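These are my notebook entries on a single chain. I set down what I looked up, entry by entry.

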Amino acid sequence: MRKIRELKVKPIKNGTVIDHIPAGRALQVLKILKIPEGKNKVTIGINMESSRMGIKDIVKIENRELHSEEVDQIALIAPKATINIIRDYEVVKKEKVQLRDEIEGLIKCPNPNCISNADEPIKTKFYVVDKEPVTLRCYYCERLIKEEEIKFLF
């Protein structure tokens, strides 16, 4: 009888692992991180088994640590994600993303009549109404925005 062998992803020496991404959202994370720009090696796991979530996505980026703005954006689409910083093959820092109470200058209001979509010198601004599922309210037009409507300004 043939023995079943589980394939393992090679560990990274230095970099970042973004774990507990809701299934199907890893590609959105890559867009936030502007990958494939740059020369970093990236490993993506989509629809991976998870005892905590059922299924999840995971992203590993070698030789790169995330900026706080990137983590804020990831929190909008993956509010239960975990960021692991790896140095010399060891996890040196592990933290859950934190969705802030106020989001400024990261996303676009879907209301075409909102003042933030005009040629005014203002930053978009949203209040977090609910963290699960993510629901935001535009500071200017007060429109409610659901998680699936979030569009980033990049």
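Entry: K93 and its partner. I looked up K93 in this predicted model and found K93 partly exposed, because its relative accessible area is 44%, between the 20% and 50% limits. I then noted a salt bridge between the side chains of K93 and E95, with N and O 3.9 Å apart. E95 is likewise recorded as partly exposed, at 39% relative accessibility.

Entry: other salt bridges. I asked how many salt bridges the rule gives by its count. The count comes to 10. I recalled the general point that side chains of opposite charge can pair when their charged atoms come close.

I next examined K80, which forms a salt bridge with E132; the closest N and O atoms are 3.2 Å apart. This pair links distant parts of the chain, 52 residues apart. K80 sits in the loop between α2 and β4 (82–87), and E132 in the loop between β8 (125–131) and β9. As for burial, K80 counts as partly exposed at 45% relative accessibility, whereas E132, at 59%, counts as exposed.

I then turned to K125 and E102, whose side chains meet in a salt bridge at 3.8 Å, N to O. Here too the pair links distant parts of the chain: K125 belongs to strand β8 and E102 to strand β6, 23 residues apart. Is K125 buried or exposed? I found K125 buried, because its relative accessibility of 17% is under the 20% limit. E102 is partly exposed, at 36%.

Entry: the two domains. I noted that the chain is divided into domain 1 (15–96) and domain 2 (102–152). The contact between them takes 9 residues from domain 1 and 10 residues from domain 2. Their C-alpha centres lie 24 Å apart. I recorded a buried area of about 770 Å² between domain 1 and domain 2, with carbon and sulfur atoms giving 71% of that area.

I asked how many salt bridges cross the interface of domain 1 and domain 2. The rule finds 2 there. On the domain 1 side that touches domain 2, helix α2 (residues 68–77) supplies the largest share, 5 residues. That side of domain 1 divides into 4 nonpolar, 1 polar and 4 charged residues. I also entered the count of residue pairs in polar contact between domain 1 and domain 2, which is 2, with both residues at pLDDT 80 or more. Separately, I noted that the side chains of E147 and R25 meet in a salt bridge at 2.3 Å, N to O.

Entry: helix α2. I asked why α2 can be called largely enclosed by the rest of the structure. The reason I entered is that 8 of the 10 residues of α2 are buried. The buried residues are E70, V71, D72, Q73, I74, A75, L76 and I77. I looked up what covers these buried residues, and the cover includes β1, α1 (26–32), β6 (102–104), β7 (107–108), β9 (134–138) and β11 (151–152).

Entry: T16. I located T16 in strand β1 (residues 15–22). T16 counts as buried because its relative accessibility is 0%. I listed the residues that T16 touches, not counting those up to four places away in sequence: V59, K60, I61, R64, E65, L66, I83, N84 and I85. With R64 I noted a further detail: a polar atom of the T16 side chain lies 2.6 Å from the backbone oxygen of R64.

Entry: I46. I found I46 in strand β2 (residues 42–50). Is I46 buried or partly exposed? I46 is partly exposed, with a relative accessible area of 41%. Leaving aside neighbours within four places in sequence, I recorded contacts of I46 with A26, K56 and D57. I also looked up I46 against P22: the two are 24 residues apart in sequence, and their C-alpha atoms are 9.3 Å apart in space.

Notes
Residues numbered from 1 in each chain as written. Predicted model: local features only at pLDDT ≥ 70, side-chain atom pairs only at ≥ 80, totals over all residues. Heavy atoms only, no water. Helix = DSSP H or I, 4+ residues; strand = E, 2+ residues; numbered from the N terminus. Buried < 20%, exposed > 50% of the residue type's maximum accessible area, 1.4 Å probe, protein only. Polar contact = N/O pair within 3.5 Å; in protein donor to acceptor, adjacent residues only side chain to side chain. Contact = heavy atoms within 4.5 Å. Domains from an automatic or database assignment. Buried area = accessible area lost by both parts, 1.4 Å probe. Salt bridge = Lys/Arg side-chain N within 4 Å of Asp/Glu carboxyl O. Nonpolar A, V, L, I, M, F, W, Y, C, P; charged D, E, K, R; others polar.
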